[in-house]
Amino acid sequence: MKATAVAHPNIALVKYWGKSDVETNLPAVGSISITLDTLTTTTMVDFSAGSERDELILDGAPASEERSRRVRSCLDLIRRRRPGLPPVFVESENSFPTAAGLASSASGFAALVTAVNAVLDPPLGIDDLAEISRRCSGSSPRSLYGGFVELALHGEGTRVRPVLDRSEWPLEIVIAVTSRTAKKVGSSDGMELTRKTSPFYESWVSGSPYDLALARGAIASRDFEALAAVSEASCLRMHAVAMAAQPGLVYWTGTTVECLHRVRALREEGAPVFFTIDAGPQLKAICDPAASELVAATLAEVPGVIEIVRCGLGDGARVVED
Ligand code: PMV
């Protein structure tokens, strides 16, 4: 009745931004991501702790009401498939700042459903786990798999599949942390505001299948330049559509923008590197391993960068020994 799972955040190269159904958290667009290694969420679930209701400890302290509510609704989705599951004590720890644009909800829900599944008899299949975690965080099913992963719109729902193993194209990621403050507008609220008020929303949604096709092709042929072009375009369009909302959403700091220019300058000088930025102020530079020292050193010098985190591509969510 007790299990522990680990999962890693993932970073979208072709971004998900916008929901076609808020109730079921159905994304309006597909997405393609890479799963990281170094950053980790470790989640322990204990159904034998005698808790009276589901309880969540996050990074050593009782979780906020909002976070606890999201975790309970995830557990309730599992209970719909497995009635009779008792209340659970959940202890989760991130090795990185929560809710600051490092995709903690993705690794959080991927680790949670994987840990709970380890105590179910019989366990749920991975497509069920993906569906449950997607309803809680649209990016989290991508963390169930390692390497390059696509979350595609599929029938009335979504389907998540690995597209390339990490060993086939071992890119590296250099994260420039520019702020540790949790973002003011979370991604769900930001997406809804964008859908309701941004004049560019429809063209963002209709352009997504083309970006997905370009990225799929670039990954299949390990074409770094092509992946750089489509990833930066998808990132900038996501931020553009969000900035055009009313009131406009600006997730960047001045340092984020300066890092973006440094990455572009490095690429113009011949270094294989491109950037992406999620709904937060951190810049993620994706590069060939041969360029990662230079990329890390360059970003570390940008005034306002408070930490550099380096990662490779990681594995999907998995159960670990306690
Ligand atoms: O999964 P959510 O609800 O945290 O949304 C993630 C949105 C982005 O990180 C900005 C883009 C993405 O595809 O991961």
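Here are some worked exercises on the predicted model above.

Residues are numbered from 1 along each chain as its sequence is written, and side-chain values use heavy atoms, with hydrogens and water left out. Since the model is predicted, local features need pLDDT of at least 70 and side-chain atom pairs count only at pLDDT 80 or more, while totals for chains, interfaces and linings use all residues.

**Exercise 1: the cores**

Work out how many residues the largest nonpolar core has, and which elements give two or more residues to it.

*Step 1.* Start with the term: a nonpolar core is a set of buried Ala, Val, Leu, Ile, Met, Phe, Trp, Tyr and Cys residues joined through side-chain atoms within 4.5 Å. Buried is under 20% relative accessible area, exposed is over 50%, and partly exposed is in between, using a 1.4 Å probe and protein chains only.

*Step 2.* Count the members: the largest core has 36 residues, and those with the most contacts inside it are Val-45, Ile-78, Leu-112, Val-116 and Leu-144.

*Step 3.* Map the core onto the elements. Helices (H or I, at least four residues) and strands (E, at least two) are DSSP runs, numbered from the N terminus. Two or more core residues come from each of β1 (2–7), β7 (55–58), α1 (65–81), α2 (104–119), α3 (126–136) and β10 (148–154). The largest share, eight residues, belongs to α2.

*Step 4.* Check what lies apart from that core: another one, of 34 residues, includes Val-174, Tyr-201, Cys-235 and Phe-275.

*Step 5.* Zoom in on Leu-144, using contact in the sense of heavy atoms within 4.5 Å. With neighbours within four places in sequence left aside, Leu-144 is in contact with Ala-110, Val-113, Thr-114, Ile-126, Leu-129, Ala-130, Ser-133, Gly-316 and Ala-317.

**Exercise 2: α1 against α3**

Describe how α1 and α3 cross, and which residues make the contact.

*Step 1.* Pick the descriptors: two packed helices are described by the angle between their axes and the distance between the axes. Axes here are lines fitted to C-alpha atoms, for helices over the stretch in contact, with angles running from 0 to 180 degrees between N-to-C directions.

*Step 2.* Read off the values: the axes of α1 and α3 come within 9 Å and cross at roughly 150°. That makes α1 roughly antiparallel to α3; the cut-offs are under 35 degrees for roughly parallel, over 145 for roughly antiparallel, 65 to 115 for roughly perpendicular, and oblique for the rest.

*Step 3.* Add the hand: α1 passes α3 in a right-handed crossing. Right-handed means the near helix is turned clockwise from the far one by less than a right angle, and left-handed means anticlockwise.

*Step 4.* List the contact: α1 brings Arg-70, Cys-74, Leu-77, Ile-78 and Arg-81, and α3 brings Asp-128, Glu-131, Ile-132, Arg-135 and Cys-136.

*Step 5.* Sort by class: there are five nonpolar, no polar and five charged residues. Ala, Val, Leu, Ile, Met, Phe, Trp, Tyr, Cys and Pro count as nonpolar, Asp, Glu, Lys and Arg as charged, and the others, Gly among them, as polar.

**Exercise 3: α5 against α6**

Do the same job for helix α5 (residues 201–220) and helix α6 (residues 224–243).

*Step 1.* Their axes come within 9 Å and cross at roughly 160°, and α5 and α6 are therefore roughly antiparallel to each other. The crossing is left-handed.

*Step 2.* On the α5 side, the contact involves Tyr-201, Trp-204, Asp-211, Leu-214, Ala-215, Ala-218 and Ile-219. On the α6 side sit Ala-226, Leu-227, Val-230, Ser-234, Arg-237, Met-238 and Val-241.

*Step 3.* By class, that gives 11 nonpolar, one polar and two charged residues.

*Step 4.* Look at what α5 and α6 also cover: together with β3 (19–21), they are included in the cover over the buried residues of α4. Those buried residues of α4 (residues 187–197) are Gly-190, Met-191, Glu-192 and Thr-194.

**Exercise 4: backbone oddities in loops**

Find where the cis peptide bonds and the positive phi values sit.

*Step 1.* Recall the background: most residues other than glycine have a negative phi, and most peptide bonds are trans.

*Step 2.* Take the cis bonds. One joins Asp-121 and Pro-122, with omega about 0°, and Pro-122 lies in the loop between α2 and α3. Another runs from Gln-246 to Pro-247, with omega near 0°, and Pro-247 is in the loop between α6 and α7 (254–268).

*Step 3.* Take the phi values. Asp-59, not a glycine, has a positive phi of about 50°; Asp-59 sits in the loop between β7 and β8 (61–62) and is partly exposed at 35% relative accessibility. Arg-222 also has a positive phi of about 50° without being a glycine; Arg-222 lies in the loop between α5 and α6 and is partly exposed at 33%.
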